[in-house]
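Subject: A structure for you to explore

Hi,

Here is the structure I promised to pass on to you. Please open it and keep it beside this email while you read.

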Amino acid sequence: MKKLLILVGALLLIAGGTVSVMKWMNLGPFQEKAAQQEEAPSEPTLLVDMEPLLIPIFQGDTVAATLKFQVKLETIGSENAAKIQYLMPKINDLFMRELYGFMPRLLKVIKEEQNIDFLGLLKEGQQKEGQQKEGQQFHVLVINQRLKFISDKFIGLNLVTKVLVQSVINAPAG
């Protein structure tokens, strides 16, 4: 009989602990609805255009290509858009510096992992067009995340909500 009471007491302690942890972590039936918690932003989402970013890619001592990035910054409210316009020279400089150092590393990874040389040409010509488009979309997402990280780090967390790379054009060096 004593063993049964100890077992029932242990089960009640475990159940109580589980319920309290679920309530504390907002899990299961205690989970609050995300739609109820999130309020729609009172101010509209705005896109701020940046000047095109031109990044030279070197091969040895010569410029092998110039990548042209068309970037837009998403923000909430006209006050934040005005701050971004005021800080645009600094943002432009930060993004240029970051892409200048980041793109050669990214293109090296592309070359090693996907057998695509840094000019976008296939080494063996065996990759299908669908795979190439998926790879290009992936790289644009990586660049978006990297530029968002830089804007959060140096400009502020709530100023830029998204960094959108609209296009990347590989223009051969003339």
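Before the findings, one term: helices here are DSSP runs of H or I with at least four residues, and they are numbered from the N terminus. That numbering is what "helix 3" refers to below. Please also keep in mind that this is a predicted model.

**The overall layout**

The protein contains four helices and four strands. Read from the N terminus, the order of the elements is α-α-β-β-β-α-α-β. There are 174 residues, and 26% of them count as buried. The protein exposes about 12500 Å², with 58% of that supplied by carbon and sulfur atoms. Looking at contacts between residues at least 6 apart in sequence, 66% join residues that are at least 24 apart.

**Salt bridges**

Side chains of opposite charge can pair when their charged atoms come close. How many salt bridges does the structure hold? It holds five, and I would like to walk you through some of them.

Start with Asp93 and Arg97, whose side chains meet in a salt bridge at 3.0 Å, N to O. These two are four residues apart in helix 3, so about one helical turn separates them. Asp93 is partly exposed, with a relative accessible area of 37%, while Arg97 is exposed at 61%.

Helix 3, which spans residues 78-114, has another pair with this kind of spacing: Lys83 and Glu79 are four residues apart, so they too are separated by about one helical turn. Their side chains meet in a salt bridge at 4.0 Å, N to O. Lys83 is partly exposed, with a relative accessible area of 41%, and Glu79 is exposed at 55%.

Now look at Glu98, which forms a salt bridge with Arg146; their closest N and O atoms are 2.5 Å apart. This pair links distant parts of the chain, because Glu98 is in helix 3 and Arg146 is in helix 4 (residues 129-154), 48 residues apart. Is Glu98 buried or exposed? Glu98 is buried, with a relative accessible area of 15%, which falls under the 20% cut-off for that word. Its partner Arg146 counts as partly exposed, at 27% relative accessibility.

**The nonpolar core**

In soluble globular proteins, nonpolar side chains tend to be buried together. The largest nonpolar core here has 30 residues, and those touching the most other members are Phe69, Val71, Leu73, Phe95, Met103 and Ile143. The elements giving two or more residues to this core are strand 2 (53-59), strand 3 (62-76), helix 3, helix 4 and strand 4 (162-172). Which element gives the most? Helix 3 does, with twelve residues.

Phe95 is a good residue to click on. Leaving aside residues up to four places away in sequence, Phe95 touches Met50, Leu53, Val71, Leu73, Leu147, Ile150, Ser151 and Val163.

One of those neighbours, Ser151, has a place in helix 4. Ser151 counts as buried, at 1% relative accessibility. The Ser151 side chain reaches the backbone oxygen of Lys148 at 2.9 Å. Again not counting residues up to four places away in sequence, Ser151 touches Phe95, Gly156, Val160 and Val163.

**Strand 4 and a meeting across the sequence**

Ile169 sits in strand 4 and is partly exposed, with a relative accessible area of 44%. Try finding Phe69 from there: Ile169 and Phe69 are 100 residues apart in sequence, and their C-alpha atoms are 6.7 Å apart in space. With residues up to four places away in sequence left out, Ile169 touches Thr66, Leu67 and Lys68.

**A nonpolar patch on the surface**

Finally, turn the model to the beginning of the chain. Met1, Leu4, Leu5, Leu7, Val8, Leu11 and Leu12 make a nonpolar surface patch of about 780 Å². Leu5, one of these residues, lies in helix 1 (residues 2-24). Leu5 counts as exposed, at 58% relative accessibility.

Enjoy exploring, and write back if you get lost anywhere.

Best wishes

Key
Residues are numbered from 1 along each chain as its sequence is written. This is a predicted model: local features need pLDDT of at least 70, side-chain atom pairs count only at pLDDT 80 or more; totals for chains, interfaces and linings use all residues. Side-chain values use heavy atoms; hydrogens and water are left out. Patches are made of residues with over 30% relative accessible area and no salt bridge: like charges are joined within 9 Å, nonpolar side chains (Val, Leu, Ile, Met, Phe, Trp, Tyr) within 5 Å. Accessible areas come from the Shrake-Rupley method with a 1.4 Å probe; for residues, only the protein chains shown count as cover. Buried means under 20% relative accessible area, exposed over 50%, partly exposed in between (1.4 Å probe, protein chains only). Contact means heavy atoms within 4.5 Å. A nonpolar core is a set of buried Ala, Val, Leu, Ile, Met, Phe, Trp, Tyr and Cys residues joined through side-chain atoms within 4.5 Å. A polar contact is a pair of N or O atoms within 3.5 Å; within protein, one must be able to donate a hydrogen and the other to accept it, and residues adjacent in sequence count only if both atoms are side-chain atoms.
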